[in-house]
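Thanks for coming. I will go through one complex, starting with how the chains meet and then turning to the DNA.

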2 protein chains.
Amino acid sequence: MTKKPKKRRGRPELRTENALDRAQIVAAALALIDREGLEGFSLRQLARHLGVFPTALYWHLPGGRNELLGDVAATAFHNVARPFKLGDDWASWLRELFRRYRHSLHRHPNIAPLLGAQLVSNSGVNPDLVEQILTVLESAGFSGPRLIDAYNAVVAAMLGFVTLELAPVPDEDPTDWAVKFEDSIRSLDPGHFPHLTKYMNLMANRAFIVRWESGSRNPMNSGFELYLETVIAGLRSLAGG
Amino acid sequence: MTKKPKKRRGRPELRTENALDRAQIVAAALALIDREGLEGFSLRQLARHLGVFPTALYWHLPGGRNELLGDVAATAFHNVARPFKLGDDWASWLRELFRRYRHSLHRHPNIAPLLGAQLVSNSGVNPDLVEQILTVLESAGFSGPRLIDAYNAVVAAMLGFVTLELAPVPDEDPTDWAVKFEDSIRSLDPGHFPHLTKYMNLMANRAFIVRWESGSRNPMNSGFELYLETVIAGLRSLAGG
DNA sequence: ACCTGAACACCGTTCAAGT
DNA sequence: ACCTGAACACCGTTCAAGT
């Protein structure tokens, strides 16, 4: 009954009662990564933002940095999969899944490396998504070991394009790097690179390997759509097999 | 004319004349990453192996860590693309490209995150590869803006699957993590996850999201092959468009 | 030209101690 | 139960100085 809410009232973040819980830490981490990027992110900086000592985080996340990043990565999968009812069109369902996943990551582009390139993201992932993809592919005509192969192809396709699209630029002075890189691209010899130079205005900074900005600044929409249709057309033609 | 090869003869790595050049540093870095992984890799450790001070590396690689990793990543593309002659079958050429790239990365699985998830890899990449893919896709029937979309789809497909397949396991005590993760997968409710539990023996540790080992220990061969055929069949059906 | 050496401003994590 | 506080063993990078 004795209330004492006046403790530590000079603090920047007002930490009434028990300030920290796991969800709050994860949310703050995501916000920090959104602003600073993954390279600039550290537990110590996060702790500073939360108004606690770095070591306090270990009580809530015994696994430390990896556990935290696993939880952060899992948020990208929230609400990407819609319900699939028997009789629904599998291709439409897959299209929507791919687009919603991509949209979700474009809202937090800096976590893209976590999803594509670190198995850590597994731990937090909802098995519902796995179950649904299997259901949809069965309805598309796959079964047995081939169904599992198709499942792997679909997951790789869903994550792969976006991981690459949103791959971060080097963290050094980005304009220097961009200028230097653009120069080297634009000065290629048309004799040796006829197609590349012919299509330069369509490709410069818009195509993999010859771009100097990430997809977060330069979305690759039409490339993604063609990729998506490629995968769906391919699955359709292999479904009978 | 005065030869003095006896300098510093007590050193572990015998550094005759000028010990360091860029190529040597890159090779040593790759070897170190192969053994320790990307997380365990540091410039200081690399310098120790080379018998120099960490700061010596900056004379050869002014861009520091990023420049070094860019060069390391570029080695994955060496000799993946075969020559393409007019009249050759574009599908066969693409098949070989994908397989050779995958094979190249399986020899250095720890650098996979650099290629998929960091734009830094661009700097060292050979524009020949770009030119060749454009040539092949034109021969497959693509042209104009759609050719560029197809190019982006092909690059994303080539890099995407392998990046995911070789995504590294968390660096903490790996067996602990694996056991814990396997338990959580195997104890899923068949009522709620009928397909996933039905296919568990085919999927456990062999399919994305429900595996606890990287593709470097557990290659996903049949998944890759179906993915490859999916992309090729899809491109074939969209080439007319 | 090529490398040493000291210094700066950081990291993640462990462990004991406080309340 | 939840957090502080000190300590450990590291980082990448800059800058001046040596040869």
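**The protein interface**

Between chain A and chain B, 21 residue pairs are found in polar contact, with both partners at pLDDT 80 or more. That threshold applies because what you are looking at is a predicted model.

Which helices of chain A supply at least two residues each to the side that touches chain B? They are H6 (112–117), H7 (127–139), H8 (145–165), H9 (174–186), H10 (194–198), H11 (200–203) and H12 (221–238). Helix H8 of chain A has the largest share, with 17 residues. By class, this side of chain A consists of 47 nonpolar, 19 polar and 12 charged residues.

What about salt bridges across the interface of chain A and chain B? The count is 0.

Now the extent of the contact. Chain A puts 78 residues into it, and chain B puts in 78 residues as well. The size of an interface is often given as the accessible area lost when the parts come together. For chain A and chain B, the buried area is about 6,200 Å², and 70% of that comes from carbon and sulfur atoms.

On to symmetry. Chain A can be superposed on chain B by a rotation of 180° with 0.0 Å of shift along the axis, at an RMSD of 0.0 Å. The two copies are therefore related as by a two-fold rotation axis. Both copies use the same surface, in that 100% of the contact residues of chain A recur in chain B.

**DNA strand C**

There are 19 residues around DNA strand C, and the nearest of them are Arg44(A), Thr55(A), Tyr58(A), Trp59(B) and His60(B). So that list takes residues from chain A and from chain B.

Which helices each give at least two residues to the surface near strand C? From chain A there are H2 (43–50) and H4 (64–74), and from chain B there is H3 (57–60). H2(A) provides the largest share, 3 residues. By class, that surface has 8 nonpolar, 6 polar and 5 charged residues.

Which part of the DNA is involved? Of the strand C atoms within 4 Å of the protein, 57% are sugar or phosphate atoms, and the rest belong to bases.

Some phosphate contacts can be named. The side chain of Ser42(A) has an N or O atom 3.1 Å from a phosphate oxygen of strand C. Leu43(A) uses a polar backbone atom, 3.0 Å from a phosphate oxygen of that strand. From the other chain, a polar backbone atom of Phe53(B) is 2.9 Å from a strand C phosphate oxygen.

**DNA strand D**

Strand D also has 19 residues around it, and those that come nearest are Trp59(A), His60(A), Arg44(B), Thr55(B) and Tyr58(B). Here H3 (57–60) comes from chain A, while H2 (43–50) and H4 (64–74) come from chain B, each with at least two residues of the surface. H2(B) gives the most, with 3 residues.

Among strand D atoms within 4 Å of the protein, 56% are sugar or phosphate, with the rest in bases.

On the phosphate side, a polar backbone atom of Phe53(A) is 2.9 Å from a phosphate oxygen of strand D. The side chain of Arg48(B) has an N or O atom 3.4 Å from a phosphate oxygen of strand D.

Which residue of chain A has a polar side-chain atom 3.1 Å from a base oxygen of strand D? That is Thr55(A).

Conventions
Residues are numbered from 1 along each chain as its sequence is written. Chains are lettered from A and ligands numbered from 1 in the order in which they are written. Side-chain values use heavy atoms; hydrogens and water are left out. Copies are superposed by least squares on the C-alpha atoms of residues with pLDDT of at least 70 in both. Contact means heavy atoms within 4.5 Å. A residue is near a molecule or strand if one of its heavy atoms lies within 4 Å of it. A polar contact is a pair of N or O atoms within 3.5 Å; within protein, one must be able to donate a hydrogen and the other to accept it, and residues adjacent in sequence count only if both atoms are side-chain atoms. Helices (H or I, at least four residues) and strands (E, at least two) are DSSP runs, numbered from the N terminus. Ala, Val, Leu, Ile, Met, Phe, Trp, Tyr, Cys and Pro count as nonpolar, Asp, Glu, Lys and Arg as charged, and the others, Gly among them, as polar. Buried area is the accessible area (1.4 Å probe) that two parts lose on being put together, summed over both. A salt bridge is a side-chain nitrogen of Lys or Arg within 4 Å of a carboxyl oxygen of Asp or Glu.
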